[in-house]
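The following questions and answers go through a structure chain by chain and contact by contact. Please keep the sequence and the model at hand.

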Amino acid sequence: MMLLTCPNCGARNVSEFRYVGEAKSRPDPETATPEQWRRYLYFHRNPAGWIKETWYHGSGCRRYFGIERNTVDNAQRPAGVTS
Amino acid sequence: MSRNGQRTPRYSAWSLVRHGLGAGGEWGRAFRHHTPRQAYDVVIIGGGVHGLATAHYLAENHGITNIAVLEKSYIGSGGSGRNTAILRSNYLTPEGVRFYDRSVKLYEHLAADLNFNVMFSQRGHMTLAHNDSSLRTMHWRAEVNKLQGVDSSVIDPGEIKKLVPYMDVSASTRYPILGALYHPPGGIIRHDAVVWGYARSADAHGVHIHQKTEVVGIDVTSNRVTGVRTADGRRISAPVVVNCTAGWSTLISDMVGVDMPVQTFPLQAAVTEPVKPFLDTVVVSGTLHTYVSQTDRGELVFGASVDPFASYSTRGSLDFVEGLAGHVLELMPALSKMRLLRQWAGLCDMTPDYSPIMGLTPVEGFFVDVGWGTYGFKAGPVSGEAMAACIAHGKPPEIIAAFGLDRFEEGRLVGEKGAAAVGH
Amino acid sequence: MSRARPGGSHRLGARPGEVIDRSRTIEFRWNGVTHTAHPGDTIASALAAAGVRVFARSYKYHRPRGLLTADIFDPGAILQVGDEPNVRAAHRLVEAGMDVRSQNTWPSLRYDVKAVNQLAGRFLATGFYYKTFIKPERLWPTYEKVLRRFVHAGEVSPDSEQPYFDKRYAHPDVLVAGGGPAGMAAAVAAARAGASVMLVEQEHQLGGHLRWGDAEDLRCRDELVAAVEAESNIEVLTDSVVAARYDDNWLAVVQRGLPHVAERLVKARAGTLVVAAGLIERPYVFAGNDLPGVMLSTAVRRLLNLYAVRPGSRAVVFTANPEGDAAAADLRAAGVDVVEVDARHGRTVVRATGRGGVEAVELSDGSRIEADLLVTAVGWTAPTSLLNMSGANPGYRPDAARFVPDPAATPAAVIAVGGIAGDGTRDELVAHADAAGREAAARALALAASRAGSADTRDPVAVPQLGLHHHPELFFALPTGGFVDMSEDVSAKDILTAVKEGYDSSELVKRYTTATMGPAQGKLETVNTVALVAHATGKTIAETGATTWRPMYTPITLGALAGRKFEPVRHSPMQPWHTSHKAAPLIAGQWIRPEHYGDPVAEVRNVRQNVGIIDVTPIGKLDLQGPDVAKLLNLLYVNKWSQLGIGRVRYGVMCAEDGVVLDDGVTGRLAENHYLMSTTSSGAGTVWEWAENWLQTEHPEWQVHVTPVTTAYASINVAGPKSRELLARLTDVDLDNAAFGYMNVRTGTIAGVADCVLWRIGFTGELSYELHVPASYGLHVWETLMATGADLGIAPFGVEAQRILRLEKGHLIVGQDTDGLTKAYSAGLDWAVKLDKPDFVGKPELAWQAARGEHPKLVGLRPLDTSVVPEEAAQIISDGGYIVGRITSSRLSPTLGRPICLGQVDAHLADPGTRLTVRLRNGSDTTVEVTAEHAHFDPEGERQRV
């Protein structure tokens, strides 16, 4: 089982976390066109390589945090906490 | 079947006997090596069942044979050779049911059509319901299926026990079995044989299958595809390029700048050592995220839902086999002494509405047949048939009209998302 | 039952390294005949000692098969033991009373009818089933049944007793996979360097190949074992195996041979994994190579030196290495006539012949030697599975005639030692392992320190590089004959044929012929298969490459993977009362709830007429505090929350960003900055995480504290016209309609319990109060309500009555009347959606949905034939048979005496008065009419406002 490093708790089994998804910025709901909004809803960069993403430490400190992970080998490096 | 004037040796019991007696000569190659041409009419990226079936039907139904299928590894090395080979058509939406029903129908005659025994075993497929809401969904599917003429009904625990004597249908379990959606035409097939059968037929029609040929770039001029570039430094011209990949569909589409509503997740599977046949039906439990069938070799083949996070890694996890074993023993407790032999993983391109993306794209000449999630193998023949028609006529046929890429930006998602469950 | 000849006809006198206890004799049965064994014997060694030569029949051709490797990978000795299939009989120790049977035989091992397949073999060539049974299509199911009869395996029984399995976690600094000399040396060195060590050995004793070696080997073994035993921080697991390595050195260790535990899965997170799996001897491919009596040199030495069994009386030893020479010497010392065929002098074996076993051996020079034993020692396979699973793919080295791992490609947390890493003398290998063990400890301790936040200050240990000894490349005899994969009955000819047919890579050959897919997963077969593919394609073995080794290293029982069952359920504090009142249990996610107490219809009537109480504890409850709670509510719900006064309650709907209904519930304002939110039972966890997600990622500046209090409170809904009268007897809260009206919240004391929350809401459509009382008093309040309300006709009601009551009232259930695509307007929630709010989750999609207006709608439906209750999920169809909607909820209303429904219908069919056709489950049709309101009963809501 992969270890994931929570910025609060350190390296923990990935089963303690919930995967939230690629980090995305939410378009302004007042001005977004349907196309922009649906790209936010449905489209993903989905690279084979490094990606910024959000995880939730549900069985730990319950923080949402950002991390960078390589989707090919699951290597990780810290990213700025999204909050 | 002719091949450049030469007859391909036909497979039959009689030819097998003649070969056995030494009178048959060589069987001949089922698929050959070729030097790539500089130009093809159609370049198909991905030598799995989708790519090869598309090539087969382009040749068979539309007379287009100047085709290259480019496969970065060996044919069937991706999802086609890693799935659990379950076929069914008991979907939730009318468009889904019609589409997969056509696929099952094509599969039923595929052995004869391809002169290659794909060993389709229509042994029946049951999806268990462990709670009220999943039982309601099973009824929903059964009613939709019946209206589309697909054999599908909800059966009770007594009937389940008759079909699967090893099943624990007692009420005292943690996840009691309340009923099941039973689908007699569903079953399992020899997945590799489907790949080889299509490859052999395509080859006989003159299609070039280039294995160990990775596409590293796609050339586009004035929003029109002009060809592909391969890892060994070749440039192959083609006015039509088809993305028939799974796992890598985002990366291929990125080469022409077409964004995809796709996320790639590993899907794991496992197989046990063989035991004498005792399980004649495919058993699926959405609640327990498990499906199980027994092959003609006696092995139990297990699968589950996709991994909990997106990744291109196919290394697999212990959690998966632990959960799987627990759930299988929940259903069939007598199997605890059976041994798990091997586990593996494939890559699934998940879309937001659990339906594929098929047809044209904003780049002229660039077609996609991707986003196959966990249900791509089932759809191999119908996808090949429909994509061939789409390429030949330049517009998607009715049967895949709902699956266009434009539906996401337009907010017209397909209703299979209505009751998301383990899709096997 | 017959008795066998006295056991031990092939048993030798005492051997220095033997592992059997001659002082005791135990009995077991083999195909119905009683045999004897000594403790320490494997099933196979005991049978071999008794002169048994044939253990099984092969898969396709039903050829007799005997011992080949005499270890856990032996394809010839896979047997049924009692109700356990596929037992590795050359590994499993004999136990008294064991019932051992051969598996693939009918009617008996000696006279196997399917052996006629040997004659038909020329027609059963590889892939034959792809080429036949194609037409006529209708006969394929019959052919398939015949094919299935040939399944080569043991059997399970539906009612066999299931043994106990369990699991354990371990956190060793260093885990050593393999307890041979290198593994032991590495373990000792790591332990002495301060690491905690787990040493895992597949066989029943430590020592590896030293166990069947000479006096010097045995002395070395004894020293190393003594050194292991002297280290208190080495835990030794024998008869155990590291089955798989996953990300970050998460290791699956299967532990066997425990008392009372059939098999245990040890899940170990190791700092460093030391792979000391040794080398596996590779069989040689030649005609007749599967005859009983053809054995590997290691098999012969195991039998002779561990079990004191003489494997034959006249032997040919085909040797290419010192281990083969040692086998010849061991055989001679045991009184066996030996002829050596030395590959290093250019002589090879081309064929073994005999009926039911080896009788003669033919050599490349044309000579023929009579023998009942043919020993081969042609080279080794490095079982690099654990390295492959670590991402390091070994490369082929022709000079050593085997695949060898590349240390540079191996991750830092994994180190290979011993034969798998390279060649050397025993002392060189031990010295290498000693250095590697110290380095493994250093890396593990540094990793632990860095995880604890300290810097890595260690000095790396210099680990010497092991060389490779020259070994001739010997894979198969030409012209090729014999079997490449004995488990799968795949011959060399099958491989060559497959390549000619176009299956010309290792992977395609594997899939087409099934070579390497049997029980040993290629440990004996892969390299020979690759060598044949290379030969057939004209490529080198290195270019051809091997297939991927995948978990498991050796198979693991489903029982051990599953472990004990831990499937927790949740009960409310009132469960003892429900149980003693014969509540029918309903499984609702994790919760077990009362579905009814015998008669749900009576329960409905009692709520409408008197007063009923229902346990609604599973309803999700979130305590929200802080100055910005209203902002959060405005964001999460589609309706408005800014004006909610203190003491007021409001119903709210949440949508996801795609506008699809996510959850619903009521939220009440208890104080200026204090709210209590309720959610659906199944949505409790989701909504909590949803709220946290928005607070933490989008609006960290908002001051809101969210605390889940679902199980801190027991929740009871008191419903019915007499609920006020009942509650007035038990609370200090002023229940007068003017003081505590509909959709209000109060806090107070109930039945003597302080700090209760009372909501005046009405899911059932009756005057009702939802009580949230501190959980530990839940049962007390429930029982007090029942006792106090006896004269008012109080009765409990369950989930089924509640479903009927809410359907009469037309309240939707999220997930039943909505699905994964139902947006708020399709759920008939137009009145709730406030598009004039500046922002809320899902607003853009809802705005576009409202503008387009073409969406399906949830409507009330009234069946015209009052004797027909359409089933839930029944489809609504058009004249042409197209699906235009479906029934989402349906019941016979006890209050109205007629069927009532909710359903989703296409937009153009949603107008009140529209008549629609419903296809019933029995295939007949019935007509329903769209009603003006969702509510079938009291649409004005007068009853809940009294």
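**Domains, contacts and packing**

Q: Which residues of chain C does the UniProt annotation "domain: GCVT N-terminal" cover?
A: The annotation comes from an unreviewed UniProt entry; UniProt positions are given in the numbering used here, feature names are shortened, and annotations may be inferred rather than shown by experiment. The model itself is predicted, local features need pLDDT of at least 70, side-chain atom pairs count only at pLDDT 80 or more, and totals for chains, interfaces and linings use all residues. Residues are numbered from 1 along each chain as its sequence is written, and chains are lettered from A and ligands numbered from 1 in the order in which they are written. In that numbering, "domain: GCVT N-terminal" covers residues 575-837 of chain C.

Q: How much of residues 575-837 of chain C is helix and how much is strand?
A: Helices (H or I, at least four residues) and strands (E, at least two) are DSSP runs, numbered from the N terminus. The end C-alpha atoms of this span are 43 Å apart. Its content is 25% helix and 30% strand.

Q: What is the strand content of the span that UniProt names "domain: Aminomethyltransferase C-terminal"?
A: The unreviewed entry places this feature at residues 857-932 of chain C. The end C-alpha atoms there lie 13 Å apart. Helix accounts for 0% of the span, and strand for 53%.

Q: What is the helix content of the span annotated "domain: SoxA A3"?
A: UniProt, in an unreviewed entry, gives this domain residues 483-564 of chain C. The end C-alpha atoms are 42 Å apart. Strand makes up 9% of the span and helix 46%.

Q: Are H11(C) and H13(C) parallel or oblique to each other?
A: Helix H11 (residues 492-500) and helix H13 (residues 526-537) of chain C pack with their axes 9 Å apart, at an angle of about 45°. Axes are lines fitted to C-alpha atoms, for helices over the stretch in contact, and angles run from 0 to 180 degrees between N-to-C directions. Angles under 35 degrees count as roughly parallel, over 145 as roughly antiparallel, 65 to 115 as roughly perpendicular and the rest as oblique. H11(C) and H13(C) are therefore oblique.

Q: How do the residues of the contact of H11(C) with H13(C) divide by class?
A: H11(C) brings Ala492(C), Ile495(C), Leu496(C) and Val499(C), while H13(C) brings Thr529(C), Leu532(C), Val533(C), Ala536(C) and Thr537(C). Contact requires C-beta atoms, placed from the backbone, within 7 Å. Ala, Val, Leu, Ile, Met, Phe, Trp, Tyr, Cys and Pro count as nonpolar, Asp, Glu, Lys and Arg as charged, and the others, Gly among them, as polar. The division is seven nonpolar, two polar and no charged.

Q: Is the crossing of H2(B) and H8(B) left-handed or right-handed?
A: The axes of helix H2 (residues 49-62) and helix H8 (residues 191-204) of chain B come within 9 Å and cross at roughly 35°. A crossing is left-handed if the near helix is turned anticlockwise from the far one by less than a right angle, and right-handed if clockwise. The crossing of H2(B) and H8(B) is left-handed.

Q: Which strands stand at the edges of the open sheet of chain A?
A: The four strands have the order E3-E4-E5-E6, with antiparallel pairing; two strands pair if DSSP finds at least two bridges between them. Each edge strand has a single partner strand, so one side of each is left without a neighbour in the sheet. The edges are E3 (18-22) and E6 (76-78).

Q: Which residue stands opposite Trp55(A) in E5(A)?
A: Strand E4 (residues 50-56) and strand E5 (residues 64-70) of chain A run antiparallel and are joined by seven bridges. Across from Trp55(A) stands Phe65(A).

Q: Which helix gives the most to the side of chain C that touches chain A?
A: In this contact, 18 residues of chain C meet 20 residues of chain A. H19 and helix H23 (843-852) of chain C each supply at least two residues of the chain C side. With six residues, the helix that gives the most is H19(C).

Q: At what angle to E5(A) does helix H19 of chain C run?
A: Helix H19 (residues 684-698) lies across E4 and E5 of chain A. Its angle to E5(A) is about 85°.

Q: How many residues on the side of chain C that touches chain B are charged?
A: The contact takes 76 residues from chain B and 74 residues from chain C. On the chain C side, 34 are nonpolar and 17 polar. The charged residues number 23.

Technical notes:
Two residues are in contact if their C-beta atoms, placed from the backbone, lie within 7 Å.
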